[in-house]
Amino acid sequence: MSAARPKAVLGVAGGIAAYKVAIVASGLVQRGVDVRVAMTPSALQFVGPATFGGLTNSQPILSSTQVDADGTVPHIEAARDAGIYCIAPATAGVLAQLASGAADDPVALLATTVRCPVLICPAMNDAMWQKDSVQQAAAIVRGRGVEVLGPVEGHLAEGYDAIGRMVEPAAILERICAVLGVA
């Protein structure tokens, strides 16, 4: 990532909406933003790291102990220079990790190391979203200054319409660009 360009880090968790984050990554790159992606192990079941590597021209962060070819520790390097950290989809598990301060995968680890604004985009089924524990976790992260965008009502992977759908990539892209001051 070059020093003069705005920088965004995208955390991708394991949910069917993970494929939509590729659209966000591509849109950011097209607007001149340097993008680094971190992925949970379960995210790899939905979209491959080669997709994000090809879109961003940087190897995704796949492990909390990863060291890049140049000898840098990517979760430290990415966190140091990030203008925004966006986690999408933010699953119930990710919300629980963020609320508790757990850092046992690259996405949660970055949440503990970034000093920039954090944006999360929840995505899960309606029963999960409406669960007290999930609502409490969302309230805790909001209370720590994390911006929560969504979820919205729409068609869920389970085959019906309800609250829990991740906001569309265009809305995520718009919000990230607004935070970064990018047109």
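In the predicted model, helix α4 buries A92, V94, L95, Q97, L98 and A99. These residues pack against β3, α5, β4 (118-122), α6 (126-130) and α7 (132-143). The partners of α4 thus include both strands and helices. G101 follows α4. Its phi is positive, near 85°.

Helix α5 spans residues 106-113. Its buried residues are P106, V107, A108, L109 and L110. Their cover includes three strands, namely β1 (7-12), β2 (34-39) and β3 (84-90). It also includes the helices α3 (74-81) and α4 (92-100). A polar approach is found at the start of α5. There, a side-chain oxygen of D105 comes to within 2.9 Å of the backbone nitrogen of V107. V107 is itself among the buried residues of the helix.

The packing of α3 on α5 was examined next. The two axes come within 9 Å. They cross at roughly 45°, which makes α3 oblique to α5. The crossing is right-handed. On the α3 side, H75, A78 and A79 take part in the contact. On the α5 side, the residues are L109, L110 and T113. Of these, L109 and L110 are also listed as buried in α5.

Helix α3 also carries a charged pair. The side chains of R80 and E77 form a salt bridge, with an N to O distance of 2.8 Å. Both residues lie in α3, 3 residues apart, about one turn of the helix. In general, an α-helix has 3.6 residues a turn, so residues three or four places apart point the same way. R80 is exposed, at 54% relative accessible area. E77 is partly exposed, at 31%.

The whole structure contains 6 salt bridges. Side chains of opposite charge can pair when their charged atoms come close. One such bridge joins the side chains of D34 and R5, at 2.8 Å from N to O. This pair links distant parts of the chain. D34 sits in strand β2, and R5 sits in the segment before β1. The two are 29 residues apart. D34 counts as buried because its relative accessible area is 11%, under the 20% cut-off. R5 is partly exposed, at 35% relative accessibility.

Another salt bridge joins the side chains of E147 and R175, again with an N to O distance of 2.8 Å. E147 lies in strand β5 (residues 147-148) and R175 in helix α8 (residues 169-180), so the bridge ties together parts 28 residues apart in sequence. Both ends are partly accessible. E147 is partly exposed at 28% relative accessibility, and R175 is partly exposed at 31%. Salt bridges with shared partners also join K20, R165 and E168 into one network.

Two loop residues were then considered. G15 lies in the loop between β1 and α1 (18-30). G15 is buried, with a relative accessible area of 14%. With neighbours within four places in sequence set aside, G15 is in contact with F46, P89 and T91. F46 is 31 residues from G15 along the chain. Even so, the C-alpha atoms of G15 and F46 are separated by 6.9 Å.

D68 is located in the loop between α2 (49-56) and α3. D68 counts as buried because its relative accessibility is 16%, under the 20% cut-off. The side chain of D68 makes a polar contact of 3.0 Å with that of R36. Beyond residues up to four places away in sequence, D68 touches R36 and P74. P74 falls within the residue range of α3, and R36 falls within that of β2. Strand β2 also holds D34 of the bridge to R5. The strand is part of the cover over the buried residues of α5.

Technical notes: Residues are numbered from 1 along each chain as its sequence is written. This is a predicted model: local features need pLDDT of at least 70, side-chain atom pairs count only at pLDDT 80 or more; totals for chains, interfaces and linings use all residues. Side-chain values use heavy atoms; hydrogens and water are left out. Buried means under 20% relative accessible area, exposed over 50%, partly exposed in between (1.4 Å probe, protein chains only). Helices (H or I, at least four residues) and strands (E, at least two) are DSSP runs, numbered from the N terminus. Contact means heavy atoms within 4.5 Å. A polar contact is a pair of N or O atoms within 3.5 Å; within protein, one must be able to donate a hydrogen and the other to accept it, and residues adjacent in sequence count only if both atoms are side-chain atoms. A salt bridge is a side-chain nitrogen of Lys or Arg within 4 Å of a carboxyl oxygen of Asp or Glu. Axes are lines fitted to C-alpha atoms, for helices over the stretch in contact, and angles run from 0 to 180 degrees between N-to-C directions. Angles under 35 degrees count as roughly parallel, over 145 as roughly antiparallel, 65 to 115 as roughly perpendicular and the rest as oblique. A crossing is left-handed if the near helix is turned anticlockwise from the far one by less than a right angle, and right-handed if clockwise.
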